[in-house]
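Open the model in a viewer and keep the sequence panel beside it. The stops below each give a selection to make and then what is there.

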Amino acid sequence: MSATSDPLLPLLKQSFGYDAFRPLQREIMAASLAGKDVVAILPTGAGKSLCFQLPALAREGVTLVVSPLIALMKDQVDALTASGVAATFLNSSIQGSEAQRRRSGLENGHYKLLYAAPERVMMQGFVEDLQRWNVTAIAVDEAHCISEWGHDFRPEYRQLAQLRAKLPGVQFLALTATATEQVRGDIIRQLELPEPEVFLASFNRPNLSYSIVPKSKSTRQVYEFIRERPNDAGIVYVQSRKSAESLAAALLAEGVKAVAYHAGLQPEERAANQEAFIRDEARVVCATIAFGMGINKPDVRFVIHADLPKNIEGYYQETGRAGRDGLPADCVLLYSRGDLVRNLKFLDEMTDAKAAEIAARQMRLMADFAEGSECRRVSLLDYFGEQWPGDNCGGCDICLQPRETWDATTQAQKLLSCVFRIKQKSNFSTGLNHVVEVLAGANTEKIRKWYHDQLSTYGIGKDTPREEWAALGRQLIRLGYIDTSADNFQTLTLSRQGLSALMNRTPILLTRSPVIASTSTAKVSRAGSIACDEGLFAELRALRKRLADEKGVPPYVVFGDTSLRHMCRSYPQTDRAFLDIPGVGSQKLADYGQLFMAEIKAWLAGHERQTFAAEAPPPPAPKMKSESGANGTALETLRLYRQGLSPERIAAQRNLVVSTIHNHLAQAIASSALQADPRDYFSTEDEQLMRDAAAEHGLESLSKLKEALNNRFDYPTLHYFRAFETRQ
């Protein structure tokens, strides 16, 4: 569909002030408006909310948005109302006459969007209300909450599947910013989506820079970082409630307006602190890693992890709260190996051994990411099944400050030999700490008990600090020279690669760990910045704050920083020019246009108009690990299928529903990545029956095709038929 004929584009500009869609938004909306169930995995800042907000304006009836956090509902409804969109929410904060007023508006069809928490949706009598209010679509926001494999599991989300029967024919749209293959399969299974359209966007956030700094006096490091950014708002994540409060107090003492945010605060205090942050009255919020922050604040310019996150998904989700407006933002992790040791010790208190094992594995993956010498963006995207196109992302500490490479052959030979000798002597393996003790010549009970003081490698590394031996061992593990056991003991054995290197004295080049550095070195990239008149920008920010305070809304509800920066590049003086600014729709032109244009005119009366070079093109998009159009998760299915595994076995191994595996294989057939014979899937007679029905009813809706064939064929068969027809 061409841009000029797209009926949603005028609505997009009129209500939200944008002239074009972001990647996958249009496709998601088209599938949703066609009545299909949709699962959309889009990174934070990619415009997930618009995927259900704009279709809500284009379709009849009300779109119900299931959202997990009260604060998030209020933020989104405030922003929609400011754009002239009829939206409301119902939750425990709305009582009495105000609740009745909103219900009356829903009864009379005054709203297009209704936000509610899953607990509210499943309350007795609420579904009957939804039926009367003509709910025609349901958007499940933060859909990963439905999965036990997700990092924010909410059991109440699992009850939402009951709406399938109580609101038949209502289309579902499930959205989340981060979900592994297991979580994606769980979302589809738990919401009972028979054949959803699944959209998986790139997880790359090109405007974010990633830096990992050795941790040393973390409070001072955090303060120094913030001090260098006097006009920026940010989030600092810590492990404990006590740390959140003590860090906020320390920053306050240094003159930084900071608040704490964690589950232990009284609800009123937590809400007040959040409100202060989103209204720019507090510049920094110190929050616990474990407690999710439902903050819809697009102009967060930095996220600092002062403690180690427990898994990469959580780290990605939390760093994703920076730079949601597309402008540059910095993500800094203060890393200490001691944080990992402390986190692992907490697992000793868990009674579920399987859960503890999974948690330990996730923690070690996070530590490997922090200690790795590979580009941060490459490592992060690799975790989600993507490939970065190139050798240097230009936006992380590794790429902009390459580490020193050194010949570690002699030291590596000593360590590999020690691992080998221990296994040879005792016929069992030990962990890395014990190997280091042997190299250092320690006199421990275990060394004496197992006679490891008699090994030829005993004490050969006593002149090297033990932490250096441990760091060397971890690098050799990551590079595949040493294998570790899957249990929590992490015992070491030489891999085939390691044994070959030991026997052949293969040269081994490693990178040195960085020295303790100031967090100021972490501000490495300004990718995506919008050059503008900074003096005018400060004036317009002040005007925005005054207007927001008058209306009782966060400043970004008036205009985001992106809109202000474009105003400070083009100095609009007419309604038409003002409407050309990204984020300016007809409602905001009416509400604020004259005020901002008057401020710009007053500025130009006393200052010279500046000119700016054209904005730089966006960086290259990463690629899914794919071939012939198959995305990362479909490619993994294809790889296993080629190994001879049946769809049922693949589904069991990958913890996905079998129908998803069939969909993957059908995609591979349609794209010619898999060469297959139709007779392996259906007979010639069945093929003719399906082709006759498709000639009349088309291939777009398999549910209609299935019904036309009197349910003679299941969905997998129809998927394969469509794949072969499409390929032909």
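Bear in mind throughout that this is a predicted model.

**Stop 1: a loop residue with positive phi**

Select Tyr571, which is found in the loop between α25 (561-570) and α26 (575-579). The phi angle of Tyr571 is near 50°, a positive value in a residue other than glycine. Is Tyr571 buried or exposed? Tyr571 is buried, with a relative accessible area of 2%.

For another case, go to Leu24, in the loop between α1 (8-16) and α2 (25-33). Here too phi is positive in a residue other than glycine, near 75° for Leu24. Leu24 has 22% relative accessibility and counts as partly exposed, since the cut-off for buried is under 20%.

**Stop 2: the seven-stranded sheet**

Next, colour the strands of the open sheet, whose order is β3-β4-β2-β5-β6-β1-β7 with parallel pairing. Which strands stand at the edges? They are β3 (87-90) and β7 (197-200); each has a single partner strand, so one side of each is left without a neighbour in the sheet. Viewed from strand to strand, the twist averages 20°.

Zoom in on the β3 edge. Strand β3 runs parallel to β4 (residues 113-116), and four bridges join the two. Within this pairing, Ala87 stands opposite Leu113 in β4.

Now add helix α3 (residues 50-58), which packs on the sheet. Helix α3 touches β2 (62-66), β4, β5 (135-140) and β6 (171-176). The direction of α3 makes about 140° with that of β4.

Before leaving this region, show the side chains of Phe89 and Arg102. The charged end of Arg102 sits over the ring of Phe89, 4.5 Å from the ring centre.

**Stop 3: strand β9 and its partners**

Select residues 233-238, strand β9. Six of the six residues in β9 are buried, so the strand is largely enclosed by the rest of the structure. Both faces are covered: on one side Ala233, Ile235 and Tyr237 are buried, and on the other Gly234, Val236 and Val238.

Which strands are joined to β9? One is β12 (residues 300-305), parallel to β9 and joined to it by five bridges. In that pairing, Val236 stands opposite Ile304 of β12. Another is β11 (residues 284-288), also parallel to β9, with five bridges. There the bridge partner of Tyr237 is Ala287 in β11.

**Stop 4: helix α13**

Move to residues 312-319, helix α13. Eight of the eight residues in α13 are buried, so the helix is largely enclosed by the rest of the structure. The buried residues include charged and polar side chains to display, among them Glu313, Gln317, Glu318 and Thr319.

What do the buried residues of α13 pack against? Show β8 (208-214), β9, β12, β13 (329-335), α15 (353-371) and α16 (376-383). Strands β9 and β12 from the previous stop are therefore among the elements packed against α13, a helix whose eight residues are buried.

At the N-terminal end of α13, select Asn311, which caps the helix. A side-chain oxygen of Asn311 lies 3.4 Å from the backbone nitrogen of Glu313.

**Stop 5: aromatic pairs**

A search of the whole structure finds 13 aromatic pairs. Begin with Phe559 and Phe578, an edge-to-face pair at 6.0 Å centre to centre, with 75° between the planes. Phe559 is in the loop between α24 (555-558) and α25, while Phe578 is in helix α26, so that the pair links parts of the chain 19 residues apart. Both Phe559 and Phe578 are buried.

Then select Tyr681 and Phe724, a tilted pair at 5.7 Å centre to centre and 55° between the planes. Tyr681 lies in the loop between α30 (658-670) and α31 (684-697), and Phe724 in helix α33 (residues 715-727), so the pair ties together parts that are 43 residues apart in sequence. Phe724 counts as buried, at 2% relative accessibility. Extend the selection to Phe682, Tyr720 and Phe721: with Tyr681 and Phe724 they form one aromatic cluster.

**Last stop: an arginine over a ring**

Finish with Phe537 and Arg565. Arg565 lies over the face of Phe537, at 4.3 Å from the ring centre.

Methods
Residues are numbered from 1 along each chain as its sequence is written. This is a predicted model: local features need pLDDT of at least 70, side-chain atom pairs count only at pLDDT 80 or more; totals for chains, interfaces and linings use all residues. Side-chain values use heavy atoms; hydrogens and water are left out. Two strands pair if DSSP finds at least two bridges between them. Axes are lines fitted to C-alpha atoms, for helices over the stretch in contact, and angles run from 0 to 180 degrees between N-to-C directions. Contact means heavy atoms within 4.5 Å. Buried means under 20% relative accessible area, exposed over 50%, partly exposed in between (1.4 Å probe, protein chains only). A polar contact is a pair of N or O atoms within 3.5 Å; within protein, one must be able to donate a hydrogen and the other to accept it, and residues adjacent in sequence count only if both atoms are side-chain atoms. Rings of Phe, Tyr and Trp (its six-membered ring) pair if their centres lie within 6.5 Å; planes under 30 degrees apart count as stacked, over 60 as edge-to-face and the rest as tilted. A charge sits over a ring if NZ of Lys or CZ of Arg is within 6 Å of the ring centre and within 35 degrees of the ring normal.
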